[in-house]
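Here are some notes for a colleague who is opening this entry for the first time. Please keep the sequence and the model side by side while reading the points below.

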There are 2 protein chains.
Amino acid sequence: MSVNLEVVQEVSDFNGYYTGLVELLNRHISESSISLSALRVLVKVRQEEEITAGKLVETLGIDGGYLSRMLKAFEGNHLVSKRKSTADGRTWFLQLTAKGKKLLESLEEQSNAQIKELLSPLADDQQKGLAAAMKTIRHILSEESQLSTSDITFRRQLLPGDAGYLIYLHGSLFAKEAGFNLAFETSVCKAFYEFLETYNASKDQVFLALHGTQIIGSIVVSAFSRYVVQIRWYLVHPDFRQMGLGKKLLNEALDFCREKGFQKVYLMTTSKQEVATNLFKKTGFRKTGEKQLSMYGQQLFEERYDMDL
Amino acid sequence: MSVNLEVVQEVSDFNGYYTGLVELLNRHISESSISLSALRVLVKVRQEEEITAGKLVETLGIDGGYLSRMLKAFEGNHLVSKRKSTADGRTWFLQLTAKGKKLLESLEEQSNAQIKELLSPLADDQQKGLAAAMKTIRHILSEESQLSTSDITFRRQLLPGDAGYLIYLHGSLFAKEAGFNLAFETSVCKAFYEFLETYNASKDQVFLALHGTQIIGSIVVSAFSRYVVQIRWYLVHPDFRQMGLGKKLLNEALDFCREKGFQKVYLMTTSKQEVATNLFKKTGFRKTGEKQLSMYGQQLFEERYDMDL
DNA sequence: ATACATAGTTGCTTTTATCAAATGTATTTT
DNA sequence: AAAATACATTTGATAAAAGCAACTATGTAT
């Protein structure tokens, strides 16, 4: 994969900037008679069950001899205790003592106090923006993008800005993934306008998946008649796919439809949306119509799917 | 200002995460016979003009004696040179020699190589997302938000997603700042739909201010007739205000109108937009009408401003 | 002129970290 | 089963990094 030079520059700049900040945030450590390496060891020991010295050397990239002395000191201070492995007489399992845990907690409290000081001059939404940006960085860099369910929340309410953001997502994603032009965004815009004008929270229901405060997935149930509903604006942001989010949104929407006593559900899509249509078919939808069109700058089939609830 | 505990948690987590990453990115330094502190000193000396040892002690939180020895070593290696202050015989101004600059550059190159390796498994838009998030963090935390012109770019083209994002910005910002309800976003949505439907790049012109790839300011010139244009969707994101961005966008738009030979320009706004209306007046607009309305969940005056070009 | 403050240096010490050899425990080979 | 080898950890010796306190030299205030 090619690397964008501007990105390298930004990462480098950020690195320089944040290194200074880390220094600031970790300064309290130097005043607490514990070295940064020692702290890393303690944190790792707390984090991992049944960790051995060798494992620490491996994961923390620390010298074995140095670690051995550190651990001896920790034992002397009753911060860490050792338990001999029954399977292998050479190794010892390490764990924090109550005192060790308490020490870590107090250090974290100090660190948090410093963070609070750093944050205090910031307005509330700046703080949230900061947290979201940090979450994004961790998310992108943590190889497996394994934030999964824990960092994703759901919302069933339509708040100001949501409609626009959904139009934005549709416009930009479909342009990128299906090659649709501005005409597509125009039609989404029109449809949203009409939806909003007659929006009725008791009949129409949105289901939004959020990462922080940002929408990353959506599905909307919109009443067509007393017994028929349409499913619209079904979408998951590419960074958050393959996590079962799409299936979850779809199921929630269908559950809602059943709950409300609707009997038929349909949706419109295009032949370009293969992944979605496969999921529709698997869920019980059947293709009930298609029409070849030249629109959105593409040759495509507009398809209709129906299902009895 | 109150501090959100979730934000503190995220900053703390991020800090822990990034400390590990910094470790990784700076590992090459340990192989280059220069300590991290030494590197920080060199970077600071390059960054600052006329820096003194005392200043370094203060800003880097480093011990004076240690620094003194380091500087002596740097002088011995011809990486840094001293120049006696004429005003104060006790102090010396430090600067990098050509050799010092070269060393830093080569270290940065190594660091960049490591960054490239880190980035290489990421898809292009993930890389961009990463850079944007980092930029955001620096922007929020750098007290003066002094990125100003350097990190903000402009675009005059309307790309897919832009319309939706502008609707989103209008919907969310006006809800927050003026208390407008969903009806406002609905009307923006309608207006955008109509605009897009008849969009003609030779008559209608958008001016977008961007931070990374994200829109942070906008103004749109939309032809009303052969001689009359309307200015619409004028907005600057709160994080980027007070930087002259609004004035710049407005002036660019008006210049464009004059260039294209339009003779009259008007715009609609509400009594809630005080900052904007003040700027309009200062630019030469005159209020030509107002109407008290109950809309968007508010009691407000809809105002019209006109100007001859 | 004297006392005090400031900028930077030097001597001494502690802390942090590394390398290599040693110890004791498993595992494999013969 | 004994010897050889591998592995997990410890110990000894040493070096580099960092800190403290006393000191020199220059500047400022009374």
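Which helices of chain A and chain B each supply at least two residues of the surface near DNA strand C?

1. The model is a predicted one, and in it the helices in question are α5 (64-76) of chain A together with α4 (53-60) and α5 (64-76) of chain B. Of these, α5(B) gives the largest share of the surface near DNA strand C, namely five residues.

2. There are 20 residues around DNA strand C, and those that come nearest are A:Tyr66, A:Gly89, B:Gly54, B:Arg69 and B:Arg90. When the surface near the strand is sorted by class, three residues are nonpolar, nine are polar and eight are charged.

3. On the DNA side, sugar or phosphate accounts for 59% of the atoms of DNA strand C within 4 Å of the protein, while the rest belong to bases. Both kinds of partner appear in the individual contacts that follow.

4. For the backbone of the strand, an N or O atom in the side chain of A:Ser37 is 2.9 Å from a phosphate oxygen of DNA strand C. For the bases, the side chain of B:Arg69 has an N or O atom 2.5 Å from a base oxygen of DNA strand C, and a polar side-chain atom of B:Arg90 lies 2.5 Å from a base oxygen of the strand.

5. Turning to the overall layout of chain A, the domain assignment gives domain 1 (5-121) and domain 2 (152-308). The centres of these two domains of chain A, taken over C-alpha atoms, are separated by 46 Å.

Conventions
Residues numbered from 1 in each chain as written. Chains lettered and ligands numbered in written order. Predicted model: local features only at pLDDT ≥ 70, side-chain atom pairs only at ≥ 80, totals over all residues. Heavy atoms only, no water. Near = heavy atom within 4 Å. Polar contact = N/O pair within 3.5 Å; in protein donor to acceptor, adjacent residues only side chain to side chain. Helix = DSSP H or I, 4+ residues; strand = E, 2+ residues; numbered from the N terminus. Nonpolar A, V, L, I, M, F, W, Y, C, P; charged D, E, K, R; others polar. Domains from an automatic or database assignment.
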